[in-house]
Amino acid sequence: MPETMLRFVVAPGGDLVLDLSARLPGRGIWLSAKRDVVETAQSRHSFAKAARQVVNVPDGLGKLVHDALERRLVESLTLARRAGQALCGFTKCREWIVSGKVGAVVQGRVEARMN
């Protein structure tokens, strides 16, 4: 069930790298795509145990993973929109829903972020 999991690899320098495309070389460390699982693995040093070496895990790994998944989602929706497989706007969406052309409805909201 890799499509519901996250793959991490250890770079030659010992840094932990998130591999969303699952194409980077090296032995993968697979985790459930849940923030609490990632944070627990970080706090228990599970990455180093799984890799059998010292691993440099970035601070705030859960947030880094969340941000990377968010970027991937936006990129995928953008590509689908360019290909004519996704659209936005209430009227257009309602027409597609009524005609049965819709496989999924995604509703988003913008949140103000404080840096």
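These legends walk through close-up views of a predicted model. Local features here need pLDDT of at least 70 and side-chain atom pairs count only at pLDDT 80 or more, while totals for chains, interfaces and linings use all residues. Residues are numbered from 1 along each chain as its sequence is written, and side-chain values use heavy atoms, with hydrogens and water left out.

**View 1. An open sheet of 3 strands runs in the order E2-E1-E3.**
Helices (H or I, at least four residues) and strands (E, at least two) are DSSP runs, numbered from the N terminus. The pairing in this sheet is antiparallel, and two strands pair if DSSP finds at least two bridges between them. Strands E2 (16-18) and E3 (29-32) form the edges, each pairing on one side only. Strand E1 (residues 5-10) joins E2 over 3 bridges; look for Val-10, whose bridge partner in E2 is Leu-16.

**View 2. Helices H1 and H3 meet the strands.**
Helix H1 (residues 35-43) packs on the sheet and touches E1 and E3, where contact means heavy atoms within 4.5 Å. The direction of H1 makes about 135° with that of E3. H3 lies across E1 and E2, at about 115° to E1. Axes are lines fitted to C-alpha atoms, for helices over the stretch in contact, and angles run from 0 to 180 degrees between N-to-C directions.

**View 3. Arg-7 and Asp-19 form a salt bridge.**
A salt bridge is a side-chain nitrogen of Lys or Arg within 4 Å of a carboxyl oxygen of Asp or Glu. Here the closest N and O atoms are 2.4 Å apart. Arg-7 sits in strand E1 and Asp-19 in the loop between E2 and E3, so the pair ties together parts 12 residues apart in sequence. Both Arg-7 and Asp-19 are buried; buried means under 20% relative accessible area, exposed over 50%, and partly exposed in between (1.4 Å probe, protein chains only).

**View 4. Glu-39 and Arg-35 meet in a salt bridge within helix H1.**
The N to O distance is 3.3 Å. These two residues are 4 apart, about one turn of the helix. Glu-39 is partly exposed at 38% relative accessibility, and Arg-35 is partly exposed at 42%.

**View 5. Asp-67 and Lys-63 meet in a salt bridge within helix H3.**
This time the N to O distance is 3.0 Å. Asp-67 counts as buried because its relative accessibility is 17%, whereas Lys-63, at 44%, is partly exposed.
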